[in-house]
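Thanks for coming, everyone. I have one structure to walk through today, so let's put it on the screen.

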Amino acid sequence: MLIRRPDDIPSSSITPESVYLNRREFVGAAGALAMGALAVPSALAATSRDRQDLKPTSEDIVTSYNNFYEFGTGKDEPKDQAENFKTIPWTVKIEGMVKTPKTWDLQDLMTGLTIEDRVYRHRCVEAWSMVVPWRGVSMKSFVNKLEPMPSAKYVEFTTLFDPSRMPGQKTRALPWPYVEAYRMDEAQNPLAMMVTGLYGKTLPPQNGAPLRTVMPWKYGFKGCKSIVKIRFTDKQPKTTWNDVRADEYGFYGNVNPAVDHPRWSQAKERVIGGGLLNSKIATLPFNGYADQVASLYAGMDLRVNF
Ligand SMILES: Nc1nc2c(c(=O)[nH]1)N[C@H]1C(S)=C(S)[C@@H](COP(=O)(O)O)O[C@H]1N2
Ligand SMILES: [Mo]
């Protein structure tokens, strides 16, 4: 199957909001079933969100309240500073422990993979959250297409480095380029996505166009935007925020209300665009996706491996 250029997708194939609502009901029902199987004694011991909690944040907020330091450190800056960021043409270099290292045109890289729309809660380490209807492919199908060697244990993603196009890179806000990495089993979990769109449309530059990762059970900083390089390795890669402040940002970055950031609590999150001024909800283990991902970390001390 040939993946169509996002601009060629007819509006009839764009998922209307009612379909997102139905998919959320499905996720909610699956969560309830798993909770029943575990015989959780009380409804208070919630580990997954109900459908009410997965109402998408307005598109206007999702595209104007962004962390993307390459385009400024203010939440409102990326939308303006990335306005003219060109994402066509775009190439992605695949290297390391992989059958065929090569530089792909993004279009060819996505060819043959199935585009899906999925609504996920997006929890920033700064204790705010929103709900985003992402569009993209499963990271598992994407990674499998690249044919990593069985000995590869981690996959690393790197953002474009081009200060002439990303003005924030002229500052020392972060060590550039931004790098994130996951264990191979995390990258192959069915929830992990390579995202190329949101709200049924092409991904806006401020949200990480043309290609970014989304790992909904991890804090937002574990997602890598505007990816130009993917490397497979058997050694745990150095990652940006962990490198900057290892005591504040772990390699795993799994959402965990029981492990506070040294400077603030992670027990609750402010819902951006949540209606009530400063409305807060309880943060759930693994951001409400524990049923699907907790087994990845069985036997690990999550206070040490945070
Ligand atoms: N290259 C790059 N990727 C990045 C960031 C960044 O500053 N640069 N910020 C991260 C953080 S902290 C979050 S919360 C998410 C924000 O994604 P969004 O703008 O789509 O909400 O992107 C992550 N990926
Ligand atoms: Mo974040």
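**Ligand, strands and charged pairs**

Let me start with a single residue: K229 is partly exposed, at 26% relative accessible area. Keep in mind that this is a predicted model.

Who is the salt-bridge partner of K229? That is E95, and the closest N and O atoms of the pair are 3.7 Å apart. Look at where the two sit. E95 belongs to strand 1, residues 91–96, and K229 belongs to strand 10, residues 227–233. The two residues are 134 residues apart, so this pair links distant parts of the chain. Is E95 buried or exposed? E95 has a relative accessible area of 18%, and the limit for buried is under 20%, so E95 counts as buried. K229 falls outside that limit because its value is 26%.

A word on the background. Side chains of opposite charge can pair when their charged atoms come close.

How many salt bridges does the structure hold? The count is 20. Here are two further pairs. R183 pairs with D185, with the closest N and O atoms at 2.8 Å. R183 is buried, at 13% relative accessible area. D185 is partly exposed, at 34%. Then there is D247 with R245, at 3.5 Å between the closest N and O atoms. Both ends of that one are partly exposed: D247 has 46% relative accessible area, and R245 has 36%. There is also a network. R49, R121, R123 and E269 are linked in it by salt bridges.

Next, the ligand. Ligand 1 has 17 residues around it. Which of them come nearest? They are E70, H122, R212, G223 and K225. By type, the shell divides into 6 nonpolar, 8 polar and 3 charged residues.

Now the polar atoms around ligand 1. N66 puts a polar side-chain atom 2.9 Å from an oxygen atom of ligand 1. N67 comes in through its backbone: one of its N or O atoms there lies 3.2 Å from a nitrogen atom of the ligand. T159 uses its side chain, where an N or O atom is 2.9 Å from a nitrogen atom of ligand 1. How much of the ligand does the protein cover? On its own, ligand 1 has 530 Å² of accessible area, and the protein covers 98% of that.

On to the strands. Go back to strand 1. Strand 1 pairs with strand 2, residues 102–105, in the antiparallel sense over 4 bridges. In that pairing, K93 stands opposite T103 of strand 2. The two strands form a hairpin, with 5 residues between them.

Strand 3 and strand 4 form another hairpin, with 3 residues between the strands. In this hairpin, A127 takes a positive phi near 70°. Strand 3 covers residues 116–124, strand 4 covers residues 128–138, and 9 bridges join the antiparallel pair. Y120 has V132 of strand 4 as its bridge partner. How many residues of strand 3 are buried? The number is 8 of its 9, and the strand is mostly covered.

Stay in strand 4 for R135. R135 is buried, at 7% relative accessible area. Its C-alpha lies 4.4 Å from that of D117, and the two residues are 18 apart in sequence. The side chain of R135 also reaches the backbone oxygen of G200, at 3.4 Å.

Last, two loop residues. K218 lies in the loop between strand 9, residues 212–214, and strand 10. Is K218 buried or exposed? K218 has 3% relative accessibility, so with a limit of under 20% this lysine counts as buried. What does its side chain meet? A polar contact of 2.7 Å joins it to the side chain of E186.

The other one is F286, in the loop between strand 12, residues 280–282, and helix 8, residues 290–293. F286 is buried as well, at 8% relative accessible area. Its C-alpha is separated by 4.7 Å from that of V255, and the two are 31 residues apart along the chain.

That's my list. Over to you.

Note on methods: Residues are numbered from 1 along each chain as its sequence is written. Chains are lettered from A and ligands numbered from 1 in the order in which they are written. This is a predicted model: local features need pLDDT of at least 70, side-chain atom pairs count only at pLDDT 80 or more; totals for chains, interfaces and linings use all residues. Side-chain values use heavy atoms; hydrogens and water are left out. A residue is near a molecule or strand if one of its heavy atoms lies within 4 Å of it. A polar contact is a pair of N or O atoms within 3.5 Å; within protein, one must be able to donate a hydrogen and the other to accept it, and residues adjacent in sequence count only if both atoms are side-chain atoms. Accessible areas come from the Shrake-Rupley method with a 1.4 Å probe; for residues, only the protein chains shown count as cover. Ala, Val, Leu, Ile, Met, Phe, Trp, Tyr, Cys and Pro count as nonpolar, Asp, Glu, Lys and Arg as charged, and the others, Gly among them, as polar. A salt bridge is a side-chain nitrogen of Lys or Arg within 4 Å of a carboxyl oxygen of Asp or Glu. Buried means under 20% relative accessible area, exposed over 50%, partly exposed in between (1.4 Å probe, protein chains only). Two strands pair if DSSP finds at least two bridges between them.
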